[in-house]
Amino acid sequence: MNKSQIRKKILKIRKQKKIKKFTFNFDLILNILKRKKVLGKIIGGYYPYNYELDILQILEKFEKRKFIITLPRIKKNSQMNFFQWSTNDPLVINKFGIPEPISKIVKYPDVLLVPIVAFDKNFNRIGYGGGFYDRYINKIRKRKKVLTIGFAYSFQKVKKIPTNSYDIGLDFIITNE
């Protein structure tokens, strides 16, 4: 299957399942940060959209531990930046229907939490097809070291994701299993 076929299939399954609640082992995430010697306190999160795995509880826990939370805002030319956000701050809906922060404070995350449509055992991922995260990870890695952690349901795992030179694999993928 090509990326488009995989995307279509997994998005259909994800929508049918409509999983509302998911409990995370937050200590597991903290252990990953400790093991990878992540010293920075800036977390790049995402606001769940289109039945994505809801990580808002993780962002709240990071915020309680004095991490700076950021969310992406999409710019022109399939680019995005991350802007400081608190769980108490309002959001605005962008042209894709995705909530974005209204902050003007750009922050470069030390840890990037990435939504996933499909993934494989080699930590390759498929998103919605715009290349936003691949471009952003490539851009930020020219500035600083960033740890990438994807979040998905276990049923989103496929045998093999076809990749090209633009695709950037993740460091970790956390699932419900």
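The exercises below, each with a worked solution, concern the fold and the nonpolar cores of one predicted model.

In this model, residues are numbered from 1 along each chain as its sequence is written. Local features need pLDDT of at least 70 and side-chain atom pairs count only at pLDDT 80 or more, while totals for chains, interfaces and linings use all residues; side-chain values use heavy atoms, with hydrogens and water left out.

**Exercise 1.** Determine how many helices and strands the chain has, and in what pattern they follow one another.

*Solution.* Step 1: apply the definition, by which helices (H or I, at least four residues) and strands (E, at least two) are DSSP runs, numbered from the N terminus. Step 2: count them, which gives four helices and ten strands. Step 3: read along the sequence to obtain α-α-β-α-β-β-β-β-β-β-β-α-β-β.

**Exercise 2.** Establish the strand order of the open sheet and identify its edge strands.

*Solution.* Step 1: two strands pair if DSSP finds at least two bridges between them. Step 2: the six strands lie in the order β3-β2-β1-β6-β9-β10, with mixed pairing. Step 3: β3 (80–84) and β10 (172–174) each pair on one side only, and these are the edge strands. Step 4: for one pair in detail, β6 (residues 111–115) and β9 (residues 147–151) are parallel and share five bridges. Leucine 113 has isoleucine 149 in β9 as its bridge partner.

**Exercise 3.** Explain why the radius of gyration of the chain agrees with that of a compact globule.

*Solution.* Step 1: the radius is taken over C-alpha atoms, and the globule rule is 2.2 Å times the number of residues to the power 0.38. Step 2: for 177 residues a compact globule would have a value near 16 Å; the chain has 15 Å, so the two agree. Step 3: the C-alpha atoms fill a box of roughly 40 × 35 × 35 Å along the principal axes.

**Exercise 4.** Describe the nonpolar cores and the surroundings of isoleucine 149.

*Solution.* Step 1: a nonpolar core is a set of buried (under 20% relative accessible area, 1.4 Å probe, protein chains only) Ala, Val, Leu, Ile, Met, Phe, Trp, Tyr and Cys residues joined through side-chain atoms within 4.5 Å. Step 2: the largest core has 43 residues, and Ile149 is one of those that touch the most other members. Step 3: another core, of seven residues, lies apart from it and includes Ile10 and Val158. Step 4: isoleucine 149 is in contact (heavy atoms within 4.5 Å) with residues including Ile32, Leu113 and Phe172, where residues up to four places away in sequence are not counted.

Notes: Buried means under 20% relative accessible area, exposed over 50%, partly exposed in between (1.4 Å probe, protein chains only).
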